[in-house]
Amino acid sequence: MPVRSANPIRARSLIRDNLEKQAGCLNLIHSRMPNIKVFSGTSHPDLAQRIVDRLGIDLGKVVTKKFSNLETCVEIGESVRGEDVYIVQSGSGEINDNLMELLIMINACKIASASRVTAVIPCFPYARQDKKDKLPGGEEKDEKAKLAKKNYDWKFRSRAPISAKLVANMLSVAGADHIITMDLHASQIQGFFDIPVDNLYAEPAVLKWIKENIPEWKNSIIVSPDAGGAKRVTSIADRLNVEFALIHKERKKANEVASMVLVGDVKDKIAILVDDMADTCGTIVHAADRLVEAGATKVYAILTHGIFSGPAISRINNACFEAVVVTNTIPQDGHMRDCPKIQCIDVSMMFAEAVRRTHNGESVSYLFSNVPY
């Protein structure tokens with residue numbers, strides 16, 4: 001009904017009140033986040049549940065199973081027509097199976113007429129295979145594979161695959177419209193995609209943890225275990241207003257570190273090793289020993305993605321770390337049971353806020369330097 005009043009000032013006031021009420025109703029609707037569905041793959045259901053709890057919605061119904069020949073089957077248990085769909089699946093555990101499951105889920109939602117499908121991939125699979133000039137990291141379990149890697153002729157590296165680019169193509173072809181991930185091993189992986197990629201940073205959460213859990217953090221030094229992480233540690237050191245150092249690795253053969261040269265003074269300081277991921281933990285354990293030899297009083301390690309495969313847990317247990325801190329982009333419950341030194345930073349609120357902002361068409365750049373509360 002139109003607002004009528006003999007007093008024009010009164011009429012304008014009533015119109016303004018009506019508009020404010022309508023705006024309030026719209027805000028209430030947006031706060032309930034309509035037209036959004038969040039589904040979880042099998043790689044990290046705990047993180048997906050934390051995300052939806054933060055958003056105040058329910059996790060979407062999906063059934064994943066394997067046929068007797070180990071083919072993956074996915075059934076979406078509710079309508080996604082016209083919905084904004086988010087699928088949470090991390091690159092951990094059985095990586096190949098989890099990647100295939102994610103691709104099938106994306107395609108299932110896309111052909112079911114979802115308006116947009118976003119893949120939330122906390123730890124991007126195959127991220128270390130981003131260029132041709134090196135042999136992929138990791139430690140071989142098979143003796144034959146170990147021998148092959150030991151005798152690897154580096155002139156053959158021009159025929160190495162760029163698997164991260166292949167994964168990007170597969171996600172795009174499956175129907176993904178947007179990717180949300182965290183701390184890519186190499187930022188240029190974003191350029192492998194022709195769709196938007198939001199690469200979140202664990203740095204704000206790391207800074208918060210350091211200030212809350214290391215009482216003498218002002219007497220610390222941030223250390224990169226390799227030259228490739230120099231940019232990451234300088235950013236953290238600048239924000240803490242402390243010094244930084246780096247360790248230069250010289251490799252004679254693949255997976256064999258010949259020597260580690262420390263660049264920087266760590267004597268009588270708390271050394272905080274920072275890296276994007278740790279797999280077999282050979283590098284960070286050697287780096288910790290080198291820092292203690294150089295006079296560091298305590299050594300912490302802070303890693304975004306704690307893969308911890310092979311002998312990683314036993315190496316950490318026997319190393320001189322005060323604590324090894326990782327985020328929950330990869331499930332850590334089992335690792336924390338086996339190793340009391342491992343501590344976990346919850347980053348689910350960062351992914352939840354990224355989902356909320358993406359859904360509402362807001363900027364996510366706030367998350368690059370702040371932790372949402």
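**A tour of selected salt bridges**

Select R356 to begin: in this predicted model, its relative accessible area is 23%, and R356 is therefore partly exposed. Now add E353, whose side chain joins that of R356 in a salt bridge with an N to O distance of 2.8 Å. E353 and R356 both belong to helix α11 (residues 348-359), where they stand three residues apart, or about one helical turn. Unlike its partner, E353 counts as buried, because its relative accessibility of 12% falls under the 20% cut-off. Extend the selection to R357 and E362, since salt bridges with shared partners link these two residues with E353 and R356 into one network.

Next, move to helix α2 (residues 45-55) and select D46 and R50, which lie four residues apart, about one turn of the helix. Their side chains form a salt bridge, with N and O at 3.1 Å. D46 is partly exposed at 36% relative accessibility, and R50 is likewise partly exposed, with a relative accessible area of 36%.

For the last stop, select K110 and D177, which form a salt bridge whose closest N and O atoms are 2.6 Å apart. K110 sits in helix α3 (residues 95-111), whereas D177 is in the loop between α5 (163-174) and β6 (178-182), so this pair ties together parts separated by 67 residues in sequence. K110 is partly exposed at 28% relative accessibility, and D177, at 26%, is also partly exposed.

To continue beyond these stops, display the remaining salt bridges, bearing in mind that a search of the whole structure finds 16.

Terms used: Residues numbered from 1 in each chain as written. Predicted model: local features only at pLDDT ≥ 70, side-chain atom pairs only at ≥ 80, totals over all residues. Heavy atoms only, no water. Salt bridge = Lys/Arg side-chain N within 4 Å of Asp/Glu carboxyl O. Helix = DSSP H or I, 4+ residues; strand = E, 2+ residues; numbered from the N terminus. Buried < 20%, exposed > 50% of the residue type's maximum accessible area, 1.4 Å probe, protein only.
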